[in-house]
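Thanks for asking me to look this one over. Here is the structure, and my notes come after it.

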Amino acid sequence: MYRVIDDRASGKTGRLMLLAKESEGTIVCSNPRAMTQKARAYGITGINFMSYGDFLTSSGLSINNYYIDELEAFIQYAQRHVGITGNFNGYTISKE
């Protein structure tokens, strides 16, 4: 599993896009249209994008070659829109 962890405005999204392109993967994000435009601005083509909602409500998905953009936003979306109850109070992630 790849973890892209760095400061704001450090190019995390661009690195994630390159990883997705290399593996013919899909980036799961809050706004696929905006991410498509961002990829074009970076000169990166051939990436698929999927919204958080589509990802969480799709049946039969194989969890291969999916990349989550903004993990915290994904968790918050899942809590609000998919009926996940309780609180995620923390998680661990290694800076590698």
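The numbered points below go from the overall layout to the cores and then to one pocket.

1. Please keep in mind that this is a predicted model. There are 4 helices and 3 strands in the protein, and along the sequence they alternate in the pattern α-β-α-β-α-β-α.

2. On burial and surface, 27% of the 96 residues count as buried. The accessible surface comes to about 6900 Å², with 46% of that area belonging to carbon and sulfur atoms. Taking contacts between residues at least 6 apart in sequence, 44% of them join residues at least 24 apart.

3. The largest nonpolar core has 12 residues in all: L16, M17, L19, A20, I27, C29, M35, A39, I44, I47, F49 and Y67. Helix α1, strand β1 (26–29) and helix α2 each give two or more residues to this core. The largest share, 4 residues, comes from α1.

4. Within that core, I44 is a good residue to click on. Leaving aside residues up to four places away in sequence, I44 touches G14, M17, L18, K21 and A39. Of these partners, M17 and A39 are themselves listed in the largest nonpolar core.

5. A second, separate core is made up of 5 residues. Among them are V28, M50, Y52 and F55.

6. Now to the pocket that I would like you to look at: the second largest, with a volume of about 280 Å³. Its lining has 15 residues, and K12, T13, K38, D69 and E70 lie nearest the centre. The elements that give two or more residues to this lining are α1 (12–23) and α2 (32–42). Helix α2 provides the largest share, 3 residues.

7. What is the make-up of the lining of the second largest pocket by class? The lining has 5 nonpolar, 5 polar and 5 charged residues.

8. Is T13 buried or exposed? T13 has a relative accessible area of 12%, and because buried means under 20%, this residue counts as buried. T13 sits in helix α1 and is one of the residues nearest the centre of the second largest pocket.

9. The contacts of T13 link several of these points. Not counting residues up to four places away in sequence, T13 touches M35, K38 and D69. M35 belongs to the largest nonpolar core, while K38 and D69 are, like T13, among the residues nearest the centre of the second largest pocket.

How values were computed
Residues numbered from 1 in each chain as written. Predicted model: local features only at pLDDT ≥ 70, side-chain atom pairs only at ≥ 80, totals over all residues. Heavy atoms only, no water. 1 Å grid on protein atoms, 1.4 Å probe; cavity = no way out; pocket = protein on both sides within 12 Å on 5 of 7 lines; lining within 4 Å. Points joined across faces, edges and corners; volume = space filled by probe spheres on them. Nonpolar A, V, L, I, M, F, W, Y, C, P; charged D, E, K, R; others polar. Core = buried A, V, L, I, M, F, W, Y, C linked by side-chain atoms within 4.5 Å. Buried < 20%, exposed > 50% of the residue type's maximum accessible area, 1.4 Å probe, protein only. Contact = heavy atoms within 4.5 Å. Areas by Shrake-Rupley, 256 points an atom, 1.4 Å probe, with all protein chains shown as cover.
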